[in-house]
Amino acid sequence: MKLFSGKAHRTLAEKIAAHLGRELADVSVTSFPDGETFVQINENIRGEDVYLIQPTCPPTNHNLMEMLIMVDAAKRASAGRITAVMPFFGYARQDRKDQPRVPITAKLVANLISAAGVDRVLTMDLHAAQIQGFFDIPVDHLYAKPVFIKHLREQHGDDASNLTVVSPDVGGVKMARSYADKLGAELAIVAKHRVSATKVEAMNVIGDVAGRNVLLVDDMTETAGTLCAAAKILEANGAKSIYAGVSHGVLGEMGRQRIAESAIKELITTDSVPQAYGEKVTTVSVAGLLGDAISRIHDGKSVTSLFDIDV
């Protein structure tokens, strides 16, 4: 087994390697003066089981291209099998044609990854689960839910009698339902209207949140428009304490500022991307989850047990 890391999130790659009791492979990733990426693998990987850890987070295009070039280098170095470990899958929101004459970029990215020579993909909390079907190679799709549930129980105990799990939009109901079932909590939905890519108007709340603690769950946030608009209407409807659990905190300055000024008491997110930090932001690590998945894939074992929560 050989573990590689690009420049996107080396800290996470080092944590995964430490969890597995291994060192990251020696690879040089540099740039020419014109911005072109150059990759050189500095050790023999012939016949090895290679795992390339690279979330395609901002700068998305650069990190994606860097990953493809690293895959090509590994393929030409006669790697036995190449697995792309993508804790965060960029372009996942562009998974369908919802307007005339627009691309399905998530499918394009899947094609690029396959064409580059990847044999298998390991990812987590895709924006849309059907993206797995865009690949003609095996995809192992993990969920951050076990890590979140463990953190919530450690910090807030097992009593969920006064907890309501809320989906900030209709599309996230399935995810919110799974959290509510596992926590033994109630379920509510915020019906929203998106005005633009950075502005969201929350419309109304479906369900009872008055006097209750609330956990907003979503797969990702960038500008925090959806979360903060949902928190505002939940507060107006009498919610007691508002928390948020987001798998991928791809936060920019606008998002961090909005969260700091919002009614959200704490945003819990994972270290799937290096942008997951800020005021009110608590980051939990998925290095152990990804490391266990890599170990099981390498040994030819099932990864299904990683979906179970044993706290």
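L108 lies in helix α3, which covers residues 105–116. Helices (H or I, at least four residues) and strands (E, at least two) are DSSP runs numbered from the N terminus. The relative accessible area of L108 is 47%, so this residue is partly exposed. Buried means under 20% relative accessible area, exposed over 50%, and partly exposed in between, with a 1.4 Å probe and protein chains only. L306 is 198 residues from L108 along the chain, and their C-alpha atoms are separated by 29 Å.

The model is predicted: local features need pLDDT of at least 70, side-chain atom pairs count only at pLDDT 80 or more, and totals for chains, interfaces and linings use all residues. Residues are numbered from 1 along each chain as its sequence is written, and side-chain values use heavy atoms, with hydrogens and water left out.

**The whole protein**

The protein has 8 helices and 14 strands. Its radius of gyration is 20 Å, close to the 19 Å given by the globule rule for 311 residues, so the protein is as compact as a globular protein of that length. The radius of gyration is taken over C-alpha atoms, and the globule rule is 2.2 Å times the number of residues to the power 0.38. Along the principal axes, the C-alpha atoms fill a box of roughly 60 × 45 × 35 Å.

Of the 311 residues, 52% are buried. Among contacts with a separation of 6 or more, 62% are between residues 24 or more positions apart; contact means heavy atoms within 4.5 Å. The accessible surface is about 14200 Å², and carbon and sulfur atoms hold 48% of it. Accessible areas come from the Shrake-Rupley method with a 1.4 Å probe, and for residues only the protein chains shown count as cover.

**Two helices**

The expected span of a helix is 1.5 Å times one less than its number of residues. The table sets this value beside the distance between the end C-alpha atoms.

| Helix | Residues | Expected span | End C-alpha distance |
|---|---|---|---|
| α2 | 60–76 (17 residues) | 24 Å | 24 Å |
| α6 | 225–236 (12 residues) | 16 Å | 17 Å |

The distance agrees with the expected span in α2, and likewise in α6.

The buried residues of α2 are N63, L64, E66, M67, L68, M70, V71, A73 and A74. Their cover includes strands β1 (2–5), β2 (27–31), β3 (37–41), β4 (49–53) and β5 (81–86), as well as helix α3, where L108 is found. Just after α2 comes S78, with a positive phi of about 65°.

In α6, 9 of the 12 residues are buried, so this helix is largely enclosed by the rest of the structure. The buried residues are G225, T226, L227, C228, A229, A230, A231, I233 and L234. G238 follows α6 and has a positive phi, near 95°.

**Two buried residues**

A224 sits in the loop between β11 (213–221) and α6. With a relative accessible area of 1%, A224 is buried. Beyond its neighbours within four places in sequence, A224 is in contact with G255, R258 and I259. D49 is 175 residues from A224 in sequence, and the two are 38 Å apart in space, C-alpha to C-alpha.

T269 belongs to strand β13, residues 264–270. Its relative accessibility is 0%, so T269 counts as buried. Leaving out residues up to four places away in sequence, T269 touches F148, V246, S247, H248, G249, A276, V281, T282, T283 and V284.
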